[in-house]
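User: I'm new to reading structures and I'd like a close look at how the strands pair up, plus whatever sits around them. Take me through it slowly, please.

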Amino acid sequence: MRKTFGSGSSWEQTLGYSRAVQVDNTLYISATAATGDDGIVGDGFYTQTRFILEKLGAVLAEAGFAYEDVVQSKLYLTDISKWEDAGRAHGEVFGEIRPTLSLVHVLPFLDPKMLVEIELVAQKSAS
């Protein structure tokens, strides 16, 4: 079974991707930034990471998953020296769940106000 989930972003059609794709009991969520209705939300690594994780929580819920189902998390940071700020926000959500984690230092994103992107993989146990 394959099911796609969209966010309504015009970029999805232009670039040919989905916000998330579920294949059987696994959900793959595209890298997500701290974008809101009025542009980028937050001006720091902690704030943007928290906002993104809340946004991803809604994506998980829409697909019938939860934070507890997350098995892999990737944080892309434009300034690796701010890893503790992003990591603190990540730990507040995933501290007890403890998915695998990659911290990746990247060049600036398309919008220089974007400091963080996060992508997740979630998997439900086979019942």
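Analyst: Let's start with the word we need: two strands pair if DSSP finds at least two bridges between them. Keep in mind that this is a predicted model.

Begin with strand 2 (residues 20–23) and strand 3 (residues 26–33). They run antiparallel, and four bridges join them. For one example of who faces whom, look at Val21, which stands opposite Tyr28 in strand 3. The two strands make a hairpin, with two residues between them. Asp24 belongs to that loop between strand 2 and strand 3. Its phi is near 55 degrees, which is a positive value in a residue other than glycine. So is Asp24 buried or exposed? Neither, really: Asp24 has a relative accessible area of 47%, so it counts as partly exposed.

Strand 3 has another partner too. It pairs with strand 8 in the antiparallel sense, over six bridges. Pick out Ala33 and you'll find that its bridge partner in strand 8 is Glu117.

Now follow strand 8 to a neighbour, helix 3. The buried residues of helix 3 pack against strand 8 (116–123), and also against helix 2 (45–62), strand 6 (70–77) and strand 7 (100–105). Which residues are those? They are Ala86, Ala89, His90, Val93 and Phe94. They cover an arc of only 120 degrees around the axis, so they sit on the same side of helix 3. There's a handy rule behind this sort of pattern: an α-helix has 3.6 residues a turn, so residues three or four places apart point the same way.

A quick check on the length of helix 3 is worth doing. With 12 residues (83–94) at 1.5 Å each, helix 3 should span 16 Å, and its end C-alpha atoms are 15 Å apart, which agrees.

Zoom in on one of those buried residues, His90, which is found in helix 3. The cut-off for buried is under 20% relative accessible area, and His90 has 7%, so it counts as buried. Setting aside neighbours within four places in sequence, His90 is in contact with Thr49, Leu53, Ser73, Leu75, Gly95, Pro99 and Leu101.

Step past helix 3 and you reach Arg98, in the loop between helix 3 and strand 7. Like Asp24, Arg98 isn't a glycine, and its phi is positive, near 55 degrees. But Arg98 counts as exposed, because its relative accessibility is 71%.

Back to strand 3 for one last stop, since it also helps to line the largest pocket. That pocket has a volume of about 670 Å³. The elements giving two or more residues to its lining are helix 1 (10–15), strand 3, strand 4 (35–36), strand 5 (39–40) and helix 2. Which element gives the most? It's helix 2, with four residues. In total 25 residues line the pocket, and Ser9, Trp11, Tyr17, Arg19 and Thr35 lie nearest its centre.

Trp11 deserves a peek of its own. You'll find Trp11 in helix 1, and at 48% relative accessibility it counts as partly exposed. Leaving out neighbours within four places in sequence, Trp11 is in contact with Gly16 and Tyr17. If you want a sense of distance, Trp11 and Gly57 are 46 residues apart along the chain, and their C-alpha atoms are separated by 21 Å.

Note on methods: Residues numbered from 1 in each chain as written. Predicted model: local features only at pLDDT ≥ 70, side-chain atom pairs only at ≥ 80, totals over all residues. Heavy atoms only, no water. Expected span 1.5 Å × (residues − 1). Buried < 20%, exposed > 50% of the residue type's maximum accessible area, 1.4 Å probe, protein only. Arc of directions from axis to C-beta. Contact = heavy atoms within 4.5 Å. 1 Å grid on protein atoms, 1.4 Å probe; cavity = no way out; pocket = protein on both sides within 12 Å on 5 of 7 lines; lining within 4 Å. Points joined across faces, edges and corners; volume = space filled by probe spheres on them.
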